[in-house]
Amino acid sequence: MNKKALVTGITGQDGAYLAQLLLEKGYTVYGTYRRTSSVNFWRIEELGIDKHPQLHLVEYDLTDLSSSIRLIKSTEVSEVYNLAAQSFVGVSFEQPVTTTEITGLGALNLLEAIRVVNPKIRFYQASTSEMFGKVQAVPQVETTPFYPRSPYGVAKLYAHWMTINYRESYGIFACSGILFNHESPLRGREFVTRKITDSVAKIKLGKLDCLELGNMDAKRDWGFAKEYVEGMWRMLQAAEPDTFVLATNRTETVRDFVTMAFKAAGFQLMWEGEAENEIARCAETKRILVKVNPKFYRPAEVELLIGNPQKAKDVLGWEPTTTLEQLCQMMVDADLQRNTHGHSF
Ligand code: NDP
Ligand code: GDR
């Protein structure tokens, strides 16, 4: 039987990869996007699925309960993947209320719609390692206590607990995936890895002088997005609904990623100075290629994330395979290509 799935946030990184995966598996996919004056479908275009006959793009306001009910009713899907969110941590400090409405209450609207329309629908919530925030244990697992450090982290924690409550109160097959950072050539340019790889490409091509960043000491567990959406799908195929960490169990600093990205484009860096005065020079020409700019610091920082995905491996058979070096090279190559041909989203 042809399965039908709903993916909110189809215009985002994960939405595009997940839609591609579901289409490959023969699903009919309803992908939601929000009303704006110029919607940008560059990711699904880049994956070549924008005109797929089994992909239906639907305009949807996730802050509106009656829209959510109508959407769940009219599409008659059996799986819902809630990926739409105001997902940039930095912006959540500037727009805490909007972030809460979209990232927190958006999930509740969908859960309510499922409860009212068809409680047999399976639900995936895109939870995050940002919920661990000021970490209480290393590495983090499903049972590690939460301590969010941003309005985004707090909003996601609300949605996470609502997902568990709908599972326990109404028997809905509702899963929460606590995903650690995952990147790809489709990552938005406001996030640090893509900002770095895009800037490295521009520097290499003589289109930018210097890359400016905030906190270089933050440590992240970075994986490849395409592998993580496979984990989302596996959660909804499991025997029981549950909460799972998806991560690589390796952590590196932002500085390490910068060094890696420049190396991938043929530059060797020399670091000097500290904190606000830290810079990196090209070892060959001594030109300054990287600077710290405190304007990119956040009011509160998540210093160290590293996740252990053992439960996902044991129960779902999920395991990441792409190394950070391979991921970084893939992103730098894609950005070199795009910047050479004059366009980069
Ligand atoms: P993106 O930022 O790339 O995509 C977010 C999606 O949400 C976009 O489609 C965006 O639409 C949509 N969106 C934003 N605001 C609204 C709104 N007001 N109404 C409707 N839709 C909106 O995120 P990712 O693909 O990287 O992440 C997917 C999900 O997973 C998010 O919920 C994120 O918080 C979560 N997550 C991501 C991780 C990561 O490392 N990538 C790790 C853990 C969790 P538009 O294109 O119009 O802006
Ligand atoms: P994060 O990702 O906050 O972990 O959230 P981001 O790439 O924005 O930041 C990672 C770390 O890099 C530091 N940093 C900078 N970040 C940005 N964006 N720009 C800079 O110039 C810069 N300089 C240093 C940050 O301070 C931070 O420590 C991402 C999002 O995808 C969330 O939606 C998701 O839930 C989490 O990952 C897991």
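**Close-up views of a two-domain predicted model**

**Figure 1. The two domains and their contact.** The C-alpha centres of domain 1 and domain 2 are separated by 30 Å in this predicted model. Domain 1 is assembled from residues 4–184, 220–251 and 304–321 of the protein chain, and domain 2 from residues 192–217, 253–300 and 328–340. Where the domains touch, seven residues of domain 1 are in contact with six residues of domain 2. On the domain 1 side, helix α4 is the element that gives the most, with three residues. By class, this side of domain 1 has three nonpolar, two polar and two charged residues.

**Figure 2. The annotated NAD(P)-binding span.** An unreviewed UniProt entry lists residues 6–331 under "domain: NAD(P)-binding". In the model, 39% of this span is helix and 18% is strand. The C-alpha atoms at the ends of the span, residues 6 and 331, lie 28 Å apart.

**Figure 3. The shell around ligand 1.** Ligand 1 has 21 residues around it, and those that come nearest are Gly9, Gly12, Ala85, Ser87 and Ala126. Two elements give two or more residues to this shell, namely helix α1 (13–24) and strand β5 (122–128). Helix α1 gives the most, with three residues. Sorted by class, the shell around ligand 1 holds eight nonpolar, eleven polar and two charged residues.

**Figure 4. The shell around ligand 2.** Ligand 2 is surrounded by 22 residues, the closest being Ser87, Thr128, Val192, Gly214 and Ala218. Helices α4 (89–94) and α7 (192–204) are the elements that give two or more residues to this shell. Both domains take part, since at least three residues come from domain 1 and at least three from domain 2. Nine nonpolar, seven polar and six charged residues make up the shell around ligand 2. Ser87 is listed among the closest residues to ligand 2 and also among those that come nearest to ligand 1.

**Figure 5. The seven-stranded sheet.** Seven strands form an open sheet with parallel pairing, in the order β3-β2-β1-β4-β5-β6-β11. Strands β3 (55–59) and β11 (243–246) stand at the edges with a single partner strand each, so one side of each has no neighbour in the sheet. On average, neighbouring strands of this sheet are turned by 20 degrees against each other, direction ignored. At the β11 edge, four bridges join β11 to strand β6 (residues 174–179), and the two run parallel. Within this pair, Ser176 stands opposite Thr243 in β11. Strand β5, a member of this sheet, is also one of the elements that give two or more residues to the shell around ligand 1.

**Figure 6. The four-stranded sheet and its hairpin.** A further open sheet has four strands in the order β8-β15-β14-β13, with mixed pairing. Its edges are β8 (211–213) and β13, and because each has a single partner strand, one side of each is left without a neighbour in the sheet. Neighbouring strands of this sheet are turned against each other by an average of 20 degrees, direction ignored. Strand β13 (residues 269–272) runs antiparallel to strand β14 (residues 279–282), and four bridges join them. Leu269 stands opposite Cys282 in β14, while Met270 stands opposite Arg281 in β14. The hairpin of β13 and β14 has six residues between the strands, and Gly273 in this hairpin takes a positive phi near 80 degrees.

**Figure 7. Backbone details in two loops.** Which residues does a cis peptide bond join? The bond lies between Val138 and Pro139, with omega at about -10 degrees. Pro139 belongs to the loop between strand β5 and helix α6 (151–170). The other detail concerns Glu76, a residue other than glycine, whose phi has a positive value near 50 degrees. Glu76 is placed in the loop between helix α3 (65–75) and strand β4 (79–82). Strands β4 and β5, which border these loops, are both members of the seven-stranded sheet.

Key: Residues are numbered from 1 along each chain as its sequence is written. Chains are lettered from A and ligands numbered from 1 in the order in which they are written. This is a predicted model: local features need pLDDT of at least 70, side-chain atom pairs count only at pLDDT 80 or more; totals for chains, interfaces and linings use all residues. UniProt positions are given in the numbering used here, feature names are shortened, and annotations may be inferred rather than shown by experiment. A residue is near a molecule or strand if its C-beta atom, placed from the backbone, lies within 6 Å of it. Ala, Val, Leu, Ile, Met, Phe, Trp, Tyr, Cys and Pro count as nonpolar, Asp, Glu, Lys and Arg as charged, and the others, Gly among them, as polar. Domain bounds come from an automatic or database domain assignment. Two strands pair if DSSP finds at least two bridges between them. Axes are lines fitted to C-alpha atoms, for helices over the stretch in contact, and angles run from 0 to 180 degrees between N-to-C directions. Two residues are in contact if their C-beta atoms, placed from the backbone, lie within 7 Å.
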